Structure formats: C-alpha cells, structure tokens
Amino acid sequence: MQELKKKIIVLVSGSGTNLQAVIDAIKTNEIENVEISMVISNKQDAFALKRAEKEGIPTCFINPKEFSDNTQYDKKLTEIISKYNPDLIILAGYTRILTNQFINSFKNKIINIHPSLLPAFGGKGMYGHKVHEAVLKSKVKESGCTVHFVTENLDAGPVIAQKKVPITDSDTVKTLSERVLKEEHKLLVEAIKKIIFSSRHFVYNT
Ligand code: GRF
C-alpha cells in the first residue's frame, strides 16, 4: 500500500531560493513522500510565487492592505491553510511576524529558517541583511544558519538543525549572506527530512 504524502505549506515573501531548494529535493526524491500543497506570499511580486507557478504548485497572495490588523490577516491565513490540513508549514524567507493565535493553531508544525546561529542574532528586527550586518559589526569569527520550530517566542523555538559558516576578514554583508544562503538551502532540506522521518515528528518538549 502506498504511503500517503505529507503535505507542506510554504510561506514566502521574497526570492524563494529556499523554496526552490525544497522543490528540487522533492523532485530528485531526496525528500520522499512529500508534496507542497500551496505557496503563500504576503508580497504580490515575490519571485518565489513564480518559482511555484513554474512547478504547477498552487499559489496564493494575501494582500496585507485588505486587513485591518495582523490578527485579521492571520485569521485569513489560518482559514486557507486549515483546508489543507498540512503536516508542516515552512517559513522560507517569510517576513511577517505571526500572531500567537496562528502559531497555536498549528502547534509543533511550523518551522523557520534563520540566517544566523540562534540564539545569537535573532529576535525583533533581526531579519534579512540586518542579521549579517549585526554579525559583521560584532566581529564574531563565525556565523551560520538555523532551522527551528516556531513558538510564541520570536526566533527562540527548539532548534532542529544548525550549520556553522566561517567569516573572513574581507567579508561584506553580500559575501557573507551568499555563503550563509548556500548552507541554508542544504540545512532546510536536512531539517525537513529529519522532521518527516523522525518518529517524534512535530513533537517537542518546551
Ligand atoms: C534567507 O536568508 C532566509 O533565511 C531569510 O530570508 C532570506 C531569503 O531567502 N529569512 P529566500 O531566497 O527568499 O529563500
């Protein structure tokens, strides 16, 4: 009997290279028995939507301007995602902060990829290039990326996988972010495999 495919929803805001890494890993069977049910964006022009469309994956743009506040926005998001009853929700470069209500509706099922070695350089205001700017300013010798479960505490949920990346004296935000992003792609796939095939999947102790 064929195993039912696990359903993934991916939330995006930008270029979607992490989404692409997941799509490619599914296509090459590196990640097995998984399908991306839908890619949802808060930005209409996110290139990630084009990547999904190219693969025939359903997409959805939810316009923040149509909602009075975050609570209403996330209610809509919950309504759309619930229809799929997903096994996993991936924040892949998603820039909106989720409401606690949303997080608790999909407890233990939401993961995020963050471009630093959490708990270092995480939390409010730490996203995108701001993370790498802060890392370089602090003069630490290494950075990296983290995949973690999303809990009510921003960037502080249980870590699923982490990868270190060296920093050189000549690094700029551009060179460092590119080096980290390459590792993000591998780490996200590794983390998904770990979750999907783990006997303890989607359960963690707080
Ligand atoms: C990545 O560094 C991710 O960690 C961050 O946004 C960046 C863009 O990723 N949160 P992508 O190309 O849109 O996947």
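**View 1. Ile192 and its neighbours.** Ile192 touches Ile8, Val22, Ile31, Leu88, Ile90 and Ile111, leaving out residues up to four places away in sequence. Bear in mind that this is a predicted model. Ile192 is also one of the residues with the most contacts inside the largest nonpolar core, a set of 41 residues. Val10, Leu19, Ile36, Val39, Ile90 and Ile111 share that billing. Helix H6 (residues 173-197) gives the most to this core, chipping in nine residues. Domain 1 (1-107) and domain 2 (115-146 + 161-199) both contribute residues, so the core sits between them. There is also a second, separate core of 19 residues, with Cys60, Ile62, Phe102 and Phe106 among its members.

**View 2. The seven-stranded sheet.** Here the strands run in the order S3-S2-S1-S4-S5-S6-S7, making an open sheet with mixed pairing. S3 and strand S7 (159-166) are the edge strands, each pairing on one side only. On average, neighbouring strands are turned by 20° against each other, direction ignored. Zoom in on strand S4 (residues 88-91) and strand S5 (residues 110-114), and you'll find them paired in the parallel sense over three bridges. Leu91 stands opposite Asn112 in S5.

**View 3. Two helices packed on the sheet.** Helix H3 (residues 70-82) packs on the sheet and touches S1, S2, S3 and S4. The direction of H3 makes about 155° with that of S2. H6 packs on the sheet as well, touching S1, S2, S4, S5, strand S6 (142-149) and S7. For H6, the angle to take note of is the one with S7, again about 155°.

**View 4. Helix H2, inside and out.** Ala48, Leu49, Arg51 and Ala52 are the buried residues of H2. They cover an arc of only 160° around the axis, which puts them on the same side of the helix. Flip to the face turned away from that buried side and you meet the exposed residues Lys50 and Lys54. What do the buried residues of H2 pack against? Their partners are strand S1 (6-12), helix H1 (17-27), S2 and strand S3 (59-61). Just after H2, Gly56 takes a positive phi of about 75°.

**View 5. Gln44, out in a loop.** Gln44 lies in the loop that links strand S2 (34-41) to helix H2 (47-54). Is Gln44 buried or exposed? With a relative accessible area of 60%, Gln44 counts as exposed, because anything over 50% does. Setting aside its neighbours within four places in sequence, Gln44 is in contact with Leu49 and Phe61. That Leu49 is one of the buried residues of H2 from the previous view. For a sense of scale, the C-alpha atoms of Gln44 and Ser170 are separated by 36 Å, with the two residues 126 apart along the chain.

**View 6. Helix H5 and its cover.** The buried residues of helix H5 (residues 129-138) are Val131, His132, Ala134 and Val135. Looking down the axis of H5, they fall within an arc of 160°, so they line one face of the helix. S5, S6 and H6 are among the elements covering these buried residues. Just after H5, Lys139 takes a positive phi of about 65°.

Technical notes
Residues are numbered from 1 along each chain as its sequence is written. This is a predicted model: local features need pLDDT of at least 70, side-chain atom pairs count only at pLDDT 80 or more; totals for chains, interfaces and linings use all residues. Side-chain values use heavy atoms; hydrogens and water are left out. Helices (H or I, at least four residues) and strands (E, at least two) are DSSP runs, numbered from the N terminus. Buried means under 20% relative accessible area, exposed over 50%, partly exposed in between (1.4 Å probe, protein chains only). Contact means heavy atoms within 4.5 Å. A nonpolar core is a set of buried Ala, Val, Leu, Ile, Met, Phe, Trp, Tyr and Cys residues joined through side-chain atoms within 4.5 Å. Domain bounds come from an automatic or database domain assignment. The arc is that of the directions from the helix axis to the C-beta atoms. Two strands pair if DSSP finds at least two bridges between them. Axes are lines fitted to C-alpha atoms, for helices over the stretch in contact, and angles run from 0 to 180 degrees between N-to-C directions.
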